[in-house]
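Let's take a walk through this structure together, one piece at a time. Have a look at it first, and then we'll start with the sheets.

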Amino acid sequence: MPSQVLVLGAGLSGLSCAFDLARAGRDVRVLEAAPRAGGVVGTLAREGYLFEMGPHTLQASSENFRRLAGDLGLAERLIASRPEGRERYLWHQGALRALPSSIPSMITTPLLSLGGKLRIATEILRRYTPPADGSEPDMESFLVERLGREAALRLGGAFVRGVYAAELRDLGAASAFPRMYAAARDHGGLVRGLAFKKKAKSEPLPGPDVPRMDLLSFPGGLQELVDALSKELGARLLLDQAALSIERAGELWRVKTKSGVHEARELVLALPVLPALELLRSAGIQASEFALVRHAQVVMVHAGFARADLPSFPRGFGFLVPPPQAGSGPGPRALGMIFASNLFVGRAPEDCVSVAGFYRGEELEALDESARIAQAGRDLALALGLGEPPRPLVGATRSWKNVIPRYSTGHRARVRGLCATLTQRASGVHLAGPWVDGVSVEMVIARGRRVARALLEGTSSEPAP
Ligand SMILES: Cc1cc2nc3c(=O)[nH]c(=O)nc-3n(C[C@H](O)[C@H](O)[C@H](O)COP(=O)(O)OP(=O)(O)OC[C@H]3O[C@@H](n4cnc5c(N)ncnc54)[C@H](O)[C@@H]3O)c2cc1C
């Protein structure tokens, strides 16, 4: 029997799409290649520690995440990060320095020279004009023009390493940070854009009432969200069922897996870009421009230590390491490190702390697990100014390949083009996944739910981002 909708991929974009469809009474099934649901989201419990193997951080301002948690009945389980988790650091010239979080701290920060600070302060006076030929600037040229080279590379460069594990020049300003770019373009600058930003309606969101920049999770980590979605879907979620090809079969779409054939009127490809392209190709849709999408290859390294071995373990969220050309000097090999046990209760046993370092694949790929954990210990020692690396009590690592796409210049325009092609040539095939409308948890949930809404409303065209 054909289903009304087949969702391919049970990461958060596929699960949230299927959840809305199932809730509205649609006959939906989800085919997932892996033996577990959640995609890159998953929490590992080990020896009293909780390690997030993918995303850790969801800001309290993440409306889609919070509404989904509310719709799943998880609002009461949302927990906010500890207030001491607010402080963030940057590696700069041999030590961790607090990132400025207010105008007075911006004035006094040692992270920028006087010239660098003046350049930021005068941004409001220099009107932003987008390139005359209509092209999209890359993040590096955009931020350098707005904030000056020092602040752009040191602060902006470290920030995009934290979000995309990429360098500024790898990303298109409008593709990777659409709201920020639109604010600058429409209002003539970053500060002007911020000033014009409409205050969001203060409708209460599910979960604790905390400042927008605080972080949210669950006592059992983000795995709780995956588990609740999987439970709602029940037998509609089929694991170990990689879609191998898709083809038109009259009014239906036919999906082949190793164990059989599934048919449905509508297909949602809630997949990373490479498997999505492969399936589109099997249906005769060539989207070869996406074969060039580059990805961050990231290795996450978790390690737990005795608190007594780290007397100088700071409060705060963790630190970022700016790119080498930012002039911060030689530093840790990590792109950044989260002080995970500072964020939420229950992440490490009493008297212990845990950290999660994230590294470029090429830095650690060749090392075995214990060598990776040892590297995280050395980076922590360097960051905290310790003579000797602390002895890890426990650790876990995970390599991620081809799952964090880099939104290079023109990426969003290419996605819109592909949506238009699908509407014309493959009606009934819909796109979700981290390469379609934003890479964050917040944005993949938004996309999954938006596709579900379009299907429920019977919209005939593929919703473009
Ligand atoms: C290490 C790491 C840290 C991150 N940190 C953050 C963070 O702090 N904050 C934040 O907001 N975001 C973060 N992100 C990004 C965010 O977590 C992801 O972009 C998002 O969860 C992707 O969800 P998705 O469902 O779109 O894709 P995925 O999670 O990649 O799910 C896609 C699913 O499709 C399945 N699949 C693949 N091929 C097939 C096939 N042929 N047939 C069927 N199924 C298939 C896969 O097995 C997978 O389960 C992080 C990502 C990573 C990797």
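Keep in mind that this is a predicted model. Begin with the open sheet of three strands, whose order is 5-9-6 and whose pairing is antiparallel. Strand 5 (58–59) and strand 6 (79–80) sit at the edges with a single partner strand each, so one side of each has no neighbour in the sheet. Between strand 5 and strand 9 (residues 215–217) there are two bridges, again in the antiparallel sense. If you want a spot to zoom in on, find leucine 58, which stands opposite leucine 216 in strand 9.

Now move on to another open sheet, this one of seven strands in the order 8-7-15-16-17-14-18, with mixed pairing. Here strand 8 (95–98) and strand 18 take the edges; each has a single partner strand, so one side of each is left without a neighbour in the sheet. From one strand to the next, the twist averages 25°. Inside this sheet, strand 16 (residues 336–338) and strand 17 (residues 352–360) pair in the antiparallel sense over three bridges, and glycine 336 faces phenylalanine 358 in strand 17.

Helices join in too. Helix 14 (residues 369–384) packs on the sheet, touching strand 14 among others, and its direction makes about 75° with that of strand 14. Helix 6 (residues 149–164) lies across several strands, including strand 15 (318–320), to which it runs at about 115°.

Finally, where is the ligand? Domain 1 and domain 2 both give residues to the shell around the ligand, so it lies between them. That shell has 25 nonpolar, ten polar and two charged residues, and Gly9, Gly11, Gly39, Pro55 and Ser440 are the closest.

How values were computed. Residues are numbered from 1 along each chain as its sequence is written. This is a predicted model: local features need pLDDT of at least 70, side-chain atom pairs count only at pLDDT 80 or more; totals for chains, interfaces and linings use all residues. A residue is near a molecule or strand if its C-beta atom, placed from the backbone, lies within 6 Å of it. Ala, Val, Leu, Ile, Met, Phe, Trp, Tyr, Cys and Pro count as nonpolar, Asp, Glu, Lys and Arg as charged, and the others, Gly among them, as polar. Domain bounds come from an automatic or database domain assignment. Two strands pair if DSSP finds at least two bridges between them. Helices (H or I, at least four residues) and strands (E, at least two) are DSSP runs, numbered from the N terminus. Axes are lines fitted to C-alpha atoms, for helices over the stretch in contact, and angles run from 0 to 180 degrees between N-to-C directions. Two residues are in contact if their C-beta atoms, placed from the backbone, lie within 7 Å.
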